[in-house]
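Visitor: I am new to this structure and would like a close look at a single part of it. Could you take me through the aromatic pairs, and then show me what surrounds them in the wider picture?

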Amino acid sequence: MDPTDLLPLLEQLDDNVDDLEGVLQPLLASTLLKNSNKLPVMDKAKLHVLITYTLESLIFSYLRLHGVDAKQHPVFRELTRVKQYFEKIKALETEPEERSMTLDKAAAGRFIKHGLAGNDKYDLERAEKQAKERARAEFKAAMLARKSIEVSKAQPSNNSDDDDSEGGVDIATAAEPQADTNHPGKTEKESKKKFKGEHKSENSKSKKERKINKATLKEEKKERRQKKEDSRKARKAQ
């Protein structure tokens with residue numbers, strides 16, 4: 001590299017050092033202990049880690065400038081260790097994620113089962129409980145099978161009753177006279193004639209009944225009169 005090209009870089013470095021001295025003036029004016037005692041715990045940890053990282057970085061840069069392989073130097077291990085502290089501080093600053101407390105029932109059951117293994121009393125109780133559950137399941141299955149058989153037997157009889165009722169309806173409907181849909185006027189006239197004939201026959205029957213009633217009433221009156229006359233004659237004869 002041409003030495004003339006280094007002059008702008010050196011001037012920029014000099015300016016950056018001046019700026020850095022101005023920023024670090026509050027820290028350099030007093031000791032580190034006094035400055036750190038005024039800070040909270042988290043800020044104090046950040047200050048110590050940053051100062052350590054700055055010093056280690058300066059040493060690392062110094063070694064690189066003198067042609068030393070800084071990655072093989074112990075200072076590189078110190079830099080990686082200080083970076084871990086940065087990650088720890090970052091983890092403390094971030095809010096912890098809310099964990100949903102869930103109970104794994106299957107795992108808890110296995111844990112209890114293995115913990116109680118070898119207990120004869122527990123094994124007997126568990127075997128009895130399993131036997132009762134199996135018996136209940138078999139009983140329920142038998143009851144369901146019996147109900148299904150009864151329902152299947154009841155269905156054919158219901159179907160036959162329905163068929164009979166449907167057949168009766170068909171026979172009744174078949175027995176009814178069907179109207180002539182081709183000549184609706186004729187059917188209406190015929191129905192009117194039938195109605196008139198039936199009405200006339202009913203009137204004639206009622207008239208005949210009235211005549212019969214009148215004749216019977218006359219005969220009853222005659223019989224009453226005859227009885228009265230007979231009773232009068234009998235009184236006179238006495």
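**Aromatic pairs and surface patches**

Guide: Before turning to the pairs, it helps to begin at one residue elsewhere in this predicted model: Asp19 lies in helix 1, which covers residues 3–28. The side chain belongs to a negative surface patch, which is formed by Glu11, Asp14, Asp15, Asp18, Asp19 and Glu21. With a relative accessible area of 51%, Asp19 counts as exposed, because the cut-off for that word is over 50%.

Helix 1 also holds Leu7, and this leucine is part of a nonpolar patch on the surface, formed by Leu6, Leu7, Leu9, Leu10, Leu13 and Val17, which together have about 540 Å² of accessible area.

Now to the part you asked about. The count of aromatic pairs comes to two. In one of them, the rings of Tyr53 and Phe86 have their centres 5.5 Å apart and their planes at 85 degrees, so the pair is edge-to-face, since planes over 60 degrees apart are given that name. Tyr53 lies in helix 3 (residues 41–65) and Phe86 in helix 4 (residues 74–93), so this pair ties together parts of the chain that are 33 residues apart in sequence. Tyr53 counts as partly exposed, at 28% relative accessibility, and Phe86 is likewise partly exposed, at 29%.

The other pair is made by Phe60 and Phe76, and it is tilted, with 6.2 Å from centre to centre and 35 degrees between the planes. Here too the pair links distant parts of the chain, with Phe60 in helix 3 and Phe76 in helix 4, 16 residues apart. Phe60 has a relative accessible area of 16% and is therefore buried, as the cut-off for buried is under 20%, whereas Phe76, with a relative accessible area of 31%, is partly exposed.

To set these details in the whole, the protein has seven helices and zero strands, so that, read from the N terminus on, its elements run α-α-α-α-α-α-α. Buried residues make up 5% of the 238 residues in the protein, and Phe60, in its pair with Phe76, is one of the buried residues. Taken together, helix 3 and helix 4 are linked by Tyr53 with Phe86 and by Phe60 with Phe76, while helix 1 is where Asp19 of the negative patch and Leu7 of the nonpolar patch have their places.

Note on methods
Residues are numbered from 1 along each chain as its sequence is written. This is a predicted model: local features need pLDDT of at least 70, side-chain atom pairs count only at pLDDT 80 or more; totals for chains, interfaces and linings use all residues. Side-chain values use heavy atoms; hydrogens and water are left out. Patches are made of residues with over 30% relative accessible area and no salt bridge: like charges are joined within 9 Å, nonpolar side chains (Val, Leu, Ile, Met, Phe, Trp, Tyr) within 5 Å. Accessible areas come from the Shrake-Rupley method with a 1.4 Å probe; for residues, only the protein chains shown count as cover. A salt bridge is a side-chain nitrogen of Lys or Arg within 4 Å of a carboxyl oxygen of Asp or Glu. Lys and Arg count as positive and Asp and Glu as negative; His and the chain ends are not counted. The place of a charge is taken as NZ of Lys, CZ of Arg, CG of Asp or CD of Glu. Helices (H or I, at least four residues) and strands (E, at least two) are DSSP runs, numbered from the N terminus. Buried means under 20% relative accessible area, exposed over 50%, partly exposed in between (1.4 Å probe, protein chains only). Rings of Phe, Tyr and Trp (its six-membered ring) pair if their centres lie within 6.5 Å; planes under 30 degrees apart count as stacked, over 60 as edge-to-face and the rest as tilted.
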